Amino acid sequence: MESAGIEPEPEPEPERCPSAQEPPGSPAPPAEEPEPSEAAPQPQQEAEGVPPPAPLAQGRRPSGPGSKGQAKRGGAGKGGRGKRGSTRRAGEEGGRPARRAHVTVDSSKAKTSLEALKISLRQLRWKEFPFGRRLPCDIYWHGVSFHDNDIFSGQVNKFPGMTEMVRKITLSRAVRTMQDLFPEEYNFYPHSWILPEEFPLFVAEVRMMKESNPPWKPTFIVKPDGGCQGDGIYLIKDPSDIRLAGNLQSRPAVVQEYISKPLLIDKLKFDIRLYVLLKSLEPLEIYIAKDGLSRFCTEPYQEPTLKNLHQVFMHLTNYSLNIHSGNFIHSDSVNTGSKRTFSSVLHRLSSKGVDIKKLWSDIISLVIKTVIALTPELKVYYQSDIPAGKPGPTCFQILGFDILLMKNLKPVLLEVNANPSMRIEHEQELSPGVFENVPSPVDEEIKVAVIRDTLRLMEPHKKKKKDNQYQLSENASDTKDDLLEPGSTDQLEHDISKNPEASLPSLCLKQVFPKYAKQFNYLRLVDRMAALFIRFLGVKGTMKLGPTGFRTFIRNCRLSNSNFSMASVDILYIDITRRWNSMGLDQRESGMCLQAFVEAFFCLAQRRYKSFPLHEQVASLIDFCEYHLAILDEKRLVCSRGITERRATLVTCQPDGLHLTPATHAPLLNRMTAANKFTDYRNHRS
Ligand code: ADP
């Protein structure tokens, strides 16, 4: 049974773990929700420990900082400091087989993901620095955000701006832009309105829909922006109910069509938490974990009525809420209880004749399309935090996708978590006020594999090899017509699995992009608009376009003419920018944000290509802009080549044979990069 190259795992054998029971109503911090913002301070300790090899089957080790058995010194005085393991290369060394260099991981900011990270590192036999390190590490594992630490090299497991991008309002806006362009492709996200600014629109649209379809009795779900764990969420039957619920100005929110016919198992509503690795933004690389978690409600589901609207155990699947229900079932098995593996749910559905292959394909499409909606603005954050040419880390990130299955098996995106909980234990109240951490086998099975295999994919020593493999996997996808063909193998994972250290299980993460790039690249219009936006931002580090930048964009792309004067350009800029800035999104910087630029771009496209559908208007205008910028780049290249050649002649005429300094070459190199970028865009489109 397989789909899109991702096969659901067979239902695992139930594991015995009696200690996983916990009493209903236990105040355990949720294992499924975002983490607290700060970790408790940790004592200083020698930070050059070499982890002892760990048996794979049972990865658990004594938890907490300072635990014994972990802090064995690895030649700290000599081989440790000043001589990073990574300077060694695998191969022959003085006639002896060389030892593989340890990958070094700074886990000092891992917070509640620490336990799962430690197990993963032991399985990989990598070198953990639980209290940081004076020398740079290869990988920095942050529990909360990119900004947890000042990092100038290596890789960090968070992207700048991701937390902001997946907030309820920002995500809804990003998906809305895509829905404007591709309504069919993005119908996996419920119809949403942003409050307070779209309240009048919400009221008007609902009234209109009710008038045109009187039997329609909708329900809406109101979700405060930035909320989590079901906090502040409530259901309503009519837009007027919102007003009763508090001050919208002080707490912006998203109001969304409530999916009233979810798929039920044992009469219970459930959702799916899937782990997605964003391995790289440029080029875009996305992996999906083959297994995830299913979180169940604890009251049998009924379609919403005025009487049951407030019953959270019936309507909200949040673990953090349902754990307080007397009906919550802690199970030591991964395929029973109120939290199960997704594979066990799939197994159950498949036994009832559900087309699992189609379901996986739909889920993969949902994930890729959502990431495509998020990446344009992420790139704006990225260039602002890590300007090109300045020292900085590269980033990757594990995202938690919350997905609901409708009765007809259509997956619906609920939300994306930038910081999905990686806790593998929960608190159990032994006696009133006395708590103990007990392992959660379901969480451990899924989360340790996700962290470990993310690390395997990010291993820095494999980078060179990976670059070749990336080419390979791209070529492989080029030759396939139907990329969601079942049974297609992924070269990258296959080769990594063949690696000598792969006494490990096969990767639980499957590449879906660029593997299926051909099917989804046409959706990446906002990405191309973001590339134009970033080009004209000018000063590195800003995220908003000033009026001069916007005018330069119009001029360089030859967009003004007798029908559209530069005065009209200024009016367009002022109108749109003022409106976006009045929404109170980000007041720190003045100017035009990416979303405002996209709106301006839509206006320009509609004005120029009147009769096309919007996505064709926009695609045509992007082509037009890229074409003119490429001509400009070429002219500049020729011009600077002429100058360089003249200078070179002058230089070779010098009797002492002076050479040009690298600084003289720099502008030429930058322009060549710009020209190459253009070639990339054109290739993307083809
Ligand atoms: P939070 O971040 O607070 O958990 P979510 O958006 O995940 O907010 O919503 C909480 C829960 O509400 C979800 O887990 C799901 O059970 C339910 N839910 C959210 N949106 C919808 C929707 N549009 N239709 C049906 N149920 C929903």
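What follows is a chat about a predicted protein model.

Visitor: Hi! What kind of model is this?
Guide: It's a predicted one, where local features need pLDDT of at least 70 and side-chain atom pairs count only at pLDDT 80 or more, while totals for chains, interfaces and linings use all residues. Residues are numbered from 1 along each chain as its sequence is written, and side-chain values use heavy atoms, with hydrogens and water left out.

Visitor: Okay, how many helices and strands are there?
Guide: The protein has 19 helices and 21 strands. Those are DSSP runs numbered from the N terminus: helices are H or I with at least four residues, strands are E with at least two.

Visitor: And what share of the residues is buried?
Guide: Of the 686 residues, 53% are buried. Buried means under 20% relative accessible area, exposed is over 50%, and partly exposed is in between (1.4 Å probe, protein chains only).

Visitor: What about contacts between residues 24 or more positions apart?
Guide: They account for 72% of the contacts with a separation of 6 or more. A contact here means heavy atoms within 4.5 Å.

Visitor: Switching topic: how many salt bridges are there?
Guide: The count comes to 26. A salt bridge needs a side-chain nitrogen of Lys or Arg within 4 Å of a carboxyl oxygen of Asp or Glu.

Visitor: Which residue does Arg176 pair with?
Guide: Glu198, with the closest N and O atoms 2.8 Å apart. Arg176 sits in helix H4 (residues 168-181), and Glu198 is in the loop between strand S7 (192-195) and helix H5 (199-212), 22 residues apart.

Visitor: Is Glu198 buried or exposed?
Guide: Glu198 is buried, at 12% relative accessible area. Arg176 is partly exposed, at 24%.

Visitor: Cool. Which partner does Asp402 have?
Guide: Asp402 bridges to Arg273, the closest N and O atoms being 2.7 Å apart. This pair links strand S17 (residues 397-405), home of Asp402, with strand S12 (residues 268-280), home of Arg273, across 129 residues. Both Asp402 and Arg273 are buried.

Visitor: And where are Lys379 and Glu282 in the chain?
Guide: Lys379 is in helix H9 (residues 356-385), and Glu282 is in the loop between S12 and strand S13 (285-289), 97 residues apart. They form a salt bridge too, with the closest N and O atoms 3.0 Å apart. Lys379 is buried, at 13% relative accessible area, whereas Glu282 is exposed, at 55%.

Visitor: Last one: which residues do shared salt-bridge partners join into one network?
Guide: Asp271, Arg273, Arg295 and Asp402.
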